[in-house]
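User: Please take a close look at one part of this protein for me. I would like to understand how its sheet is put together and what lies against that sheet.

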Amino acid sequence: MSVTITRERGVGVITLANPPVNALNTPLRAALLAAVRELEADAGVRALVIWGGAGCFVAGADIGEMSRPPEAPFLPELTAALEGCAKPVVAALGGATLGGGCELALACDLRLASPGALIGLTETRLGLIPGAGGTQRLTRLVGEAKAIEMICAGQVLTAAEAQAIGLIDDLIATDLLAAAIARAPNTPKRRVSALTPPPSVSGPAIVAALKRARGVPAIAEAIRVIGAAHGPFAHGLALEREAFLRLRASPEAAALRHLFFDEREAAKVPGLAGIKSRAVTRAAVIGAGTMGAGIAAALLAAGLPVTLIERDEAAAQAGAARVSALLRAPGAALAATADWSGLAQADLIIEAAFEDLAVKRDIFHRLDTVAKPGAVLATNTSYLDLAAIAGATSRPADVLGLHFFAPAHIMKLLELVRLPITAPDVLATGLALAKRLGKQPVVAGNAEGFIGNRVYAAYRRHAEYLLADGALPAQVDEALESYGFAMGVFAVSDISGLDIAHALRRQRDATRDPAERYVTIPDQLVALGRLGRKTSAGWYRYTPDGQRHPDPEVADLIAKSRSGPAQGFTAQAIWRRLLAIMANEGARLLAEGIALRASDLDVAFVNGYGFPRAKGGPMWAADALGLPALLAELQAAHEPPAPLLITLANNKKRLSAWRQDGDTP
């Protein structure tokens with residue numbers, strides 16, 4: 001039973017029960033609508049209360065239903081029934097009140113919430129806008145500017161924040177349901193649809209929302225429909241519903257639904273069912289540079305005491321200051337020291353030293369003498385051979401790669417790298433840690449660059465080929481940014497530093513295939529001292545205020561480095577070429593078993609490398625472009641296609657559906 005009805009002192013109480021989050025699927029909508037109509041017709045009932053239990057109200061729609069044709073009763077019918085009810089209706093919000101749940105609450109006459117409730121219209125995160133009056137009712141309560149800010153960013157407010165702007169009427173610290181029942185009979189009808197929106201200046205909110213849109217059509221649509229709230233409610237409602245249904249069928253919404261499910265799927269690893277993670281009550285980080293400090297800050301923010309180890313006391317204290325600056329407060333649970341005995345109590349030790357195999361092997365060898373039995377020994381390496389690092393300790397089954405992305409306390413992606421010998425509960429511990437830190441995990445096998453950096457290296461290499469063949473850095477970056485990337489490949493290179501990639505290339509010199517095409521342009525820039533933003537010159541030149549500008553000196557250097565006439569490239573040709581390269585390298589990783597699923601590659605690139613969410617990730621986008629078109633792009637790039645890519649194209653199967661756990665397409 002998804003809905004139960006009780007009657008208390010003339011109040012009809014409708015309790016929603018569709019665990020775990022009361023998703024508004026078809027059975028719940030039907031049962032709720034029937035309950036409202038039954039209680040409205042009951043002469044002994046003076047008022048209604050709707051609540052979803054102590055921990056939740058309604059956390060939104062059933063996302064799985066959005067890929068199927070809509071089924072009655074539709075949510076607008078339900079919100080209309082609530083607002084049109086002749087009796088007062090009170091929403092008791094005991095927890096997550098998101099998306100369609102927020103629209104239900106807006107259709108009620110009074111909104112009471114527990115202090116822990118979270119409220120928001122989050123549909124734009126899925127490429128949609130609210131479709132049951134949310135744009136029209138929210139604007140009438142909080143004003144156009146705030147509605148644009150909330151809806152376009154998919155903001156989730158705390159109960160206190162929602163009360164401050166008039167979205168919530170009152171906070172109830174204890175016994176929310178009892179308070180709602182007590183107040184319901186004396187609550188007057190207050191139909192939000194009849195209100196006039198409060199005055200607000202919406203121009204800055206519109207500019208900010210459009211700037212963040214990055215190819216998501218729902219943002220512009222939300223702004224347009226919110227503006228209609230200044231007119232008749234029925235007209236605005238009709239505009240909203242038409243836009244919602246059109247967006248629901250858009251490729252952007254399909255891509256975002258794909259990511260919604262695949263981000264959850266990425267944390268599920270075959271063979272880990274029933275495996276418990278090891279207890280982690282104290283952590284340690286070895287290395288207090290930029291990355292180590294960021295990792296320590298992330299651990300501290302998640303409530304874990306941290307011991308920070310450096311080579312000497314001065315470096316340790318400098319590291320502690322770095323961590324405190326990131327947290328904007330002293331880390332009371334942080335101990336910084338050069339004494340390795342401080343590692344003895346740590347359940348998890350993360351090495352974040354310089355990216356040098358000898359250095360890391362020495363650290364893991366030393367850990368044998370100080371780490372307690374059962375401690376998880378993790379390395380933050382981004383490229384190096386995990387097996388070689390684990391081989392330096394007598395307990396390689398306890399070793400795990402935890403590849404954080406800079407800045408580690410902010411970036412969402414956490415790549416978990418395992419070896420065949422890695423103990424299952426060690427991997428389970430890594431996944432539990434990712435959840436505790438609020439990170440998005442992706443599990444990888446051991447290979448140079450693992451998943452993310454392996455594909456990114458191919459992407460960057462072919463971007464450099466484009467320069468050698470006739471393009472310029474700004475042209476490549478503008479093409480990628482027009483496609484939806486947060487930042488182009490050369491602008492990113494300037495931020496990370498050209499010397500970092502240069503050092504990696506020098507490490508590969510001895511093993512590089514002599515037949516591999518090699519572009520010397522970035523090496524020439526490094527030789528000129530152009531290391532990126534830190535030297536105010538790299539692929540671009542930078543003004544004192546940090547603005548980047550194309551540099552004629554770089555264009556001249558590139559032109560002189562070309563061995564043949566410059567080719568012309570359109571923006572579409574650039575992003576199609578680089579998308580094909582990413583998908584091809586991803587197909588190789590799948591065939592090698594380094595990646596479990598094609599969707600894991602999508603999740604990694606959206607959360608760690610700025611790939612546009614609205615495009616779904618490189619493997620999903622490859623399907624949208626079509627595998628035959630990708631093969632043609634690879635041929636133009638003189639890049640051998642992965643056998644898996646050819647097989648799928650010949651059999652007309654989807655690359656994004658590939659899995660490594662037996663359920664292959």
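Analyst: Start with the sheet. This is a predicted model, and in it eight strands form an open sheet. Their order is β13-β12-β11-β14-β15-β16-β17-β18. The pairing is mixed. At the edges sit β13, residues 334-337, and β18, residues 440-444. Each of these two pairs on one side only. From one strand to the next, the twist averages 25 degrees.

What holds neighbours together? Strands of a sheet pair through backbone hydrogen bonds, and they can do so in a parallel or an antiparallel way.

Now take one pair. Strand β11 covers residues 283-286, and strand β14 covers residues 348-351. The two pair in the parallel sense, over four bridges. Within this pair, V285 stands opposite I350 of β14.

Next come the helices. Helix α14, residues 357-370, lies across four strands: β11, β14, β15 (376-379) and β16 (399-404). So the β11 and β14 pair has α14 lying across both strands. Helix α14 runs at about 170 degrees to β15.

A further helix, α16, spans residues 424-437. Helix α16 lies across β14, β15, β16, β17 (413-417) and β18. That list includes β18, an edge strand. The direction of α16 is about 25 degrees from that of β16.

Put the two helices side by side. Strands β14, β15 and β16 have both α14 and α16 lying across them. Strand β11 is on the list for α14, while β17 and β18 are on the list for α16.

How values were computed: Residues are numbered from 1 along each chain as its sequence is written. This is a predicted model: local features need pLDDT of at least 70, side-chain atom pairs count only at pLDDT 80 or more; totals for chains, interfaces and linings use all residues. Side-chain values use heavy atoms; hydrogens and water are left out. Two strands pair if DSSP finds at least two bridges between them. Axes are lines fitted to C-alpha atoms, for helices over the stretch in contact, and angles run from 0 to 180 degrees between N-to-C directions. Contact means heavy atoms within 4.5 Å.
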